[in-house]
Amino acid sequence: MDAHKTAGVARVYVPNEYTVHLSKRDRAKLEGYERSLEQELSGYLLEHARRRNYDLLTRPAVEFKTDERLRLGEFGIQTRLVKPPAHEGEGPSQGEEGHTMVYSAVKEREAPAKSPEQRAEALVATRAVVSLDDRRYVLDGPRATIGRSKQAECVLSDPNVSRRHAELQRSSSGDWTIADLGSTNGVKVNGRRVASTRLSPGDQVTVGTTTFLFDIEQ
C-alpha cells in the first residue's frame with residue numbers, strides 16, 4: 001500500500017485490491033482458514049489506511065492465488081486500484097495491474113525464475129540502518145519517514161525536528177537517498193546542507209540538532 005500510493009490534488013489514493021501469490025506448499029497450509037485470513041488482512045489494510053490518512057475507493061480486498069514458480073517461503077503481492085461501479089448493475093472498472101513484488105521469508109533460497117521485464121524492475125532488497133546513541137532503526141523501505149510524528153518509521157524526539165522532516169528512499173539498484181520534506185531546519189549530510197542526495201554507508205546525517213550514522217544492510 002505504501003509503495004503504490006498515488007497523490008491527488010488533496011488526497012492520497014492507495015490500491016484497494018491485493019492478490020497474494022504463494023507457493024503450492026504454502027497455499028496448502030492455509031486450507032480451512034484462508035477466507036478468514038483474507039478478511040483479517042483486509043481489516044488490517046483498512047486500519048493502516050486510516051492511520052496514514054490514505055483514501056480508499058472501496059474496502060480493501062485480499063485474495064490468495066497459487067504460483068507454481070514460487071518456492072516455500074516466497075510470496076508475491078500484486079496491487080490494483082479498482083473503481084466502484086458508477087451505476088447499479090455495472091461491474092467495477094479495474095485499473096492497470098501493478099507489477100508483482102516478490103519477497104522471500106527464507107534468505108538462503110534462490111529467487112524464482114523471472115522474465116526479463118520482471119528482473120529489470122525487481123528491487124534490490126537492501127535495508128537502511130539509522131544508528132543513534134540509544135537506538136538503532138533497521139528500515140526495509142522502499143520509503144521511510146524521519147520525524148517527530150509517532151507515525152514516522154524513524155521517530156526522533158528532538159524539538160528541532162519537524163513532524164515529517166525527511167524521507168529515506170530506496171532505488172531499484174538498492175541505493176538509498178535522503179530527501180528533505182520541507183522541514184524548518186533542513187537536512188545536512190557530513191556537514192553540508194542538502195535538499196536530496198544519495199547516501200553512502202558511514203555518512204553522518206543531521207536533522208534538527210540530531211545526528212545519526214547511516215549504513216546499509218544487504
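**Figure 1. Asn 53 is an exposed loop residue in this predicted model.** Asn 53 counts as exposed because its relative accessibility is 59%, above the 50% cut-off. The residue sits in the loop that runs between helix 2 (34–51) and strand 4 (61–66). Its backbone has a positive phi, near 60°, although Asn 53 is not a glycine. Most residues other than glycine have a negative phi.

**Figure 2. Asn 190 is a second view of a positive phi in a residue other than glycine.** Here phi is near 55°. Asn 190 is found in the loop between strand 15 (187–189) and strand 16 (192–194). With a relative accessibility of 49%, Asn 190 counts as partly exposed.

**Figure 3. Asp 26 is a buried residue of helix 1.** The helix covers residues 24–28. Asp 26 counts as buried because its relative accessibility is 15%, under the 20% cut-off. Its side chain makes a polar contact of 3.0 Å with the side chain of Ser 23. The side chain of Asp 26 also reaches the backbone nitrogen of Gly 73, at 2.8 Å. Leaving aside residues up to four places away in sequence, Asp 26 touches Arg 71, Leu 72, Gly 73 and Glu 74.

**Figure 4. Five strands form an open sheet with mixed pairing.** The strand order is 12-11-13-14-17. Strand 12 (154–155) and strand 17 (196–199) are the edge strands; each has a single partner strand, so one side of each has no neighbour in the sheet. Strands of a sheet pair through backbone hydrogen bonds, either parallel or antiparallel. Strand 11 (residues 143–147) pairs with strand 12 in the parallel sense, over two bridges. Within this view, Gly 147 stands opposite Val 155 of strand 12.

**Figure 5. Confidence in the protein is lowest in helix 3 and highest in strand 18.** Helix 3 (residues 116–121) has a mean pLDDT of 46, while strand 18 (residues 204–207) has a mean of 96. Residues 88–96 have a pLDDT below 50, and beyond near neighbours in sequence this stretch has 14 contacts in the model. Residues 106–111 also have a pLDDT below 50, with eight contacts in the model beyond near neighbours in sequence. Where pLDDT is low, the predicted coordinates should not be read in detail. For the protein, the mean pLDDT is 83, and 82% of residues reach 70 or more.

Methods
Residues numbered from 1 in each chain as written. Predicted model: local features only at pLDDT ≥ 70, side-chain atom pairs only at ≥ 80, totals over all residues. Heavy atoms only, no water. Helix = DSSP H or I, 4+ residues; strand = E, 2+ residues; numbered from the N terminus. Buried < 20%, exposed > 50% of the residue type's maximum accessible area, 1.4 Å probe, protein only. Polar contact = N/O pair within 3.5 Å; in protein donor to acceptor, adjacent residues only side chain to side chain. Contact = heavy atoms within 4.5 Å. pLDDT = per-residue confidence, 0-100. Pairing = 2+ DSSP bridges.
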